[in-house]
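Could you walk me through this protein model in plain language? I'd like to know what to look at and what the terms mean.

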Amino acid sequence: VEPYDSIQTESDTLYLCPGDEVTLRARSQWGKGQRTTKWITGPTDTLWTVQPASSQWYRYRVTDQCLIAAEDSIYAWVMPNPVASFTYLQDPGNPLDVGFTNYSSDTLNVRWYFGDGDTSTQVHPRHIYGRPGTYWVGLAVSDTLGCSDSAAYPVELKMDHYVYIPSAFTPNNDAVNERFNVVATGIERMEWAVFNRWGELIWETFDATQAWDGTYGPDGTKVPSGIYIWKLQFEPKENDYRKIVSGH
């Protein structure tokens with residue numbers, strides 16, 4: 001009887017993404033003469049290409065010329081895909097300035113697609129858009145295995161128009177409410193005029209940063225206390241129409 005070295009096999013664990021295809025290799029050595037490999041529920045071969053839907057064991061048997069057999073297994077561990085998810089919030093002062101919050105289950109590798117041609121690899125980026133509109137924003141994430149997921153949502157950006165004009169002011173040199181001004185956002189152009197009660201134009205500006213100080217004429221004569229009428233015409237940045245408001 002010749003000396004006999006027992007068959008040695010090698011188990012293994014493979015880590016896969018859902019839907020991945022992998023080739024299993026049954027490894028063995030020693031034994032006597034030619035060895036035959038048979039997967040318990042598969043082909044008679046050392047190689048077997050599978051595409052597991054869930055984690056499972058794959059067992060194989062190796063038999064040598066003396067009909068002595070050894071069994072072992074390979075475990076295919078199907079890892080869960082990361083889940084891509086995000087929300088966004090517009091800056092109240094500038095609705096085109098958008099902050100994105102990443103709620104994905106894995107943020108090791110991140111790439112944002114903002115819908116205007118720009119991208120980012122930051123986990124929680126901010127992005128300033130050039131104009132209002134609807135943008136399809138996409139987020140792609142992947143883990144150390146390369147398992148990936150993506151999500152895309154339409155982000156509708158509208159330029160909010162905020163116009164505030166006070167109802168009164170007191171230009172009496174006490175450093176409180178000395179000027180009458182317009183506070184507005186999202187305005188492209190404006191024309192603001194103040195009239196007295198007889199309809200006479202006493203002050204006018206086309207600059208939103210200018211304020212009325214309660215004077216009239218080139219010599220800066222102070223107007224008497226009372227009721228004055230104003231009319232404001234402005235054009236929002238993303239529209240072609242003109243909005244007209246008035247008050248006193």
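Leu 67 counts as exposed, at 71% relative accessibility; here exposed means over 50% relative accessible area, buried means under 20%, and partly exposed is in between, all with a 1.4 Å probe and protein chains only. You'll find Leu 67 in the loop between β7 and β8. The strand labels come from DSSP runs (E, at least two residues for a strand; H or I, at least four for a helix), numbered from the N terminus. The phi of Leu 67 is near 65°, a positive value in a residue other than glycine. Most residues other than glycine have a negative phi. Asn 173 also has a positive phi, about 65°, although it is not a glycine. Look for Asn 173 in the loop between β16 (162-164) and β17 (180-181), where it counts as exposed at 64% relative accessibility.

Before going further, a word on what you're looking at. This is a predicted model, in which local features need pLDDT of at least 70 and side-chain atom pairs count only at pLDDT 80 or more, while totals for chains, interfaces and linings use all residues. Residues are numbered from 1 along each chain as its sequence is written, and side-chain values use heavy atoms, with hydrogens and water left out.

Now follow the chain to β7 and β8. Glu 71 forms a salt bridge with Arg 61, with the closest N and O atoms 2.6 Å apart. Glu 71 sits in strand β8 (residues 69-78) and Arg 61 in strand β7 (residues 56-63), so this pair ties together parts that are ten residues apart in sequence. A salt bridge here is a side-chain nitrogen of Lys or Arg within 4 Å of a carboxyl oxygen of Asp or Glu. Both partners are partly exposed: Glu 71 has a relative accessible area of 39%, and Arg 61 comes in at 34%. Add Arg 59, and you have a network of salt bridges linking Arg 59, Arg 61 and Glu 71.

Ser 73 is also in strand β8, but this residue is buried, with a relative accessible area of 7%. What does Ser 73 touch, if you skip residues up to four places away in sequence? The answer is Ser 11, Asp 12, Trp 57, Tyr 58, Arg 59 and Tyr 60, where contact means heavy atoms within 4.5 Å.

The structure holds six salt bridges, so let's visit two others. Arg 126 and Asp 97 meet through their side chains at 3.2 Å, N to O. That pair links distant parts of the chain, with Arg 126 in strand β13 (residues 126-128) and Asp 97 in strand β10, 29 residues apart. Asp 97 is buried, with a relative accessible area of 14%. Then there's the salt bridge between Glu 156 and Lys 158, at 3.7 Å, N to O. Glu 156 is partly exposed at 44% relative accessibility, while Lys 158 is exposed at 53%.

Next, head inside. In soluble globular proteins, nonpolar side chains tend to be buried together. The largest nonpolar core has 16 residues, and those touching the most other members are Phe 86, Phe 100, Trp 112, Tyr 129, Val 137, Leu 139 and Leu 157. The elements giving two or more residues to this core are β10 (97-102), β11 (109-113), β14 and β15, and β14 gives the most, with four. By nonpolar core, we mean a set of buried Ala, Val, Leu, Ile, Met, Phe, Trp, Tyr and Cys residues joined through side-chain atoms within 4.5 Å. Try clicking on Phe 100: among the residues it touches are Phe 86, Trp 112, Tyr 129 and Val 137.

How many disulfides does a search of the whole structure find? There is one, and it joins Cys 17 and Cys 147, whose sulfur atoms are 1.9 Å apart; the cut-off for a disulfide is a pair of cysteine sulfur atoms within 2.5 Å. Cys 17 lies in the loop between β2 and β3 (22-25) and Cys 147 in the loop between β14 (133-142) and β15 (148-157), so the pair ties together parts that are 130 residues apart in sequence. The link is left-handed, with -100° about the S-S bond. Both ends are buried, Cys 17 at 7% relative accessibility and Cys 147 at 1%.
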